[in-house]
Amino acid sequence: MKILSILDRYIIKKFLGTYIFSIVLIISIAVVFDINEKLDKFLDKKAPLTAIIFDYYVNFVPYYTNLFSALFVFIAVIFFTSKLADNSEIIAMLSNGMSFKRLMKPYMISAAIIAIFSFVLSSFIIPPANVTRINFQNRYIRDKSVAYASGIQLQVKEGVILYIERFDNKTKEGYNLSLDKFNEKELESRLIAQRIKYDSAFHWELYNYSIREFEGMKEVISKGDKIDTTLNVVPSDFLVSVNDFEQMTTPKLYEYIQRQKAKGIASVGDVSITQFEIEFHKRFASVFSAFILTIIGASLSARKVKGGMGLNIGIGLGLSVSYIMFQTVSSSFAVSGTMPPMLAVWVPNIVFIFIAAYLYTRAPN
C-alpha cells in the first residue's frame, strides 16, 4: 500500500508550489521597496555592489521569508484550497467517500515540511547569515551596534559582584572597576582597579589595582601596576544591541540566556534579556503555528461559497494579520514584565488552536 496516493501528491505539490510562489512574489516586491528606500544611503556610503547583493540581499531574503513564514503558509492554503473548492474538486473528493480528516493528511505533511524547514533556518542557518547582514547595515545603513556601556554591575559567580563604571568596546578597555567577594553577606575581599582591558577567552588585564582582604578585624592591603586575571565575563555580556539575539543559533541563544540569568542580568541598556527569551521560544512556537494555520486555512476555504474565493482570501488575510498582531501584543506584555516570555509566545497558538478546532468541526464532510 502506497503511503501517498496520487491525490496526496497532487495536494502537496499544490500547497508547496503556492507557498513558494507567494514567497517569491511578496519578497520580490519587498526587495524592490527596500532598494528604493535605501538607495540613497547605499550611494552616500559608497557601498560596493557585491556587498549590497551578497552581504545584504542574499541574507535579507531568507530572514524575511522565515519572519513571515506563518503568513505565507496561510495565504498558500487559503488560495489553493479556495481554488479547489471553486472548481468543485473538493466536492468530488468528499462525494467519493473521502472524509475531511483524510483530506487533511497531505496538508499536514506539507505543513510538517515547512515547519521543519523553517525551524532549521531560524535555528542554524539564518543566525550566521544575520551576522553578515547586520554588519552591512551597521556600516552602510544605520549603525545600531553598541560601542560602550556604563554603570555595569553583574554577578561573576555566586558571591562575587563586578562593577565597571565605563567600558569602551573599540579599545576593549574599562575604567574604575571593583570586584567584591562576599561570604554569607559579609565582605571578604575587594579588588579595585583604575583600568581594565579585555584580552581573550575570559582573560582580563587590570592596571593600577589594589586588593583589600578582610580577616575578622584584620585588613590586608596589596597594590600593583598590573595583574592578569580570569573572570567569567566577556564584553558581550554587557554590550547588547537590539538585534544580537538574531545572530545566535538556538543552542547559543539558550546558553546565553542561562549565563545572563546566572549573572543576575535582567537588562542591558534598552535591551531586556526577556527579548532573548521571547526569540528562543518563538523558534519553537513557529513550528506548531504552521500546523494550526494550515488547519484554519483548509477548514475555512474548503467550502464553496457564492462570492468565489475572494471572500475566503479576505477572511484568511484578516485572521493571519490578527495572528501576527496577537504575537506582537503578547510579546510586548512579556517585555513589560506582566507575562512570562514562554506564555506570551504560546498564547497566540493556544487561542488559535481553539479557532482551528471550531472551524475544523464546521468544515464540509
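Author: Two strands pair if DSSP finds at least two bridges between them. With that in mind, this predicted model may be discussed.

Reader: What makes S3 and S4 a pair, and which residue of S4 stands opposite Leu177?

Author: S3 and strand S4 (residues 186-200) are joined by ten bridges in the antiparallel sense. Pairing requires at least two bridges, therefore S3 and S4 count as paired. Within this pair, Leu177 has Ala193 of S4 opposite. The hairpin of S3 and S4 has two residues between the strands, and Glu184 takes a positive phi near 55° there.

Reader: How do you know that S2 and S3 pair?

Author: Strand S2 (residues 160-168) and strand S3 (residues 173-183) run antiparallel, with eight bridges between them. The requirement is at least two, so S2 and S3 pair as well. Arg166, for instance, has Tyr175 in S3 as its bridge partner. In this hairpin four residues lie between the strands, and Lys172 has a positive phi near 60°.

Reader: How many helices and strands does the protein chain have, and why is the chain called more spread out than a compact globule?

Author: The protein chain has nine helices and eight strands. Its radius of gyration is 27 Å, whereas the globule rule gives 21 Å for 365 residues; the value is well over the rule, so the chain is more spread out than a compact globule. The C-alpha trace spans about 90 × 50 × 40 Å along its principal axes.

Reader: What share of the residues is called buried?

Author: Of the 365 residues, 44% count as buried, a term that means under 20% relative accessible area.

Key:
Residues numbered from 1 in each chain as written. Predicted model: local features only at pLDDT ≥ 70, side-chain atom pairs only at ≥ 80, totals over all residues. Heavy atoms only, no water. Rg over C-alpha atoms; globule rule 2.2 N^0.38 Å. Buried < 20%, exposed > 50% of the residue type's maximum accessible area, 1.4 Å probe, protein only.
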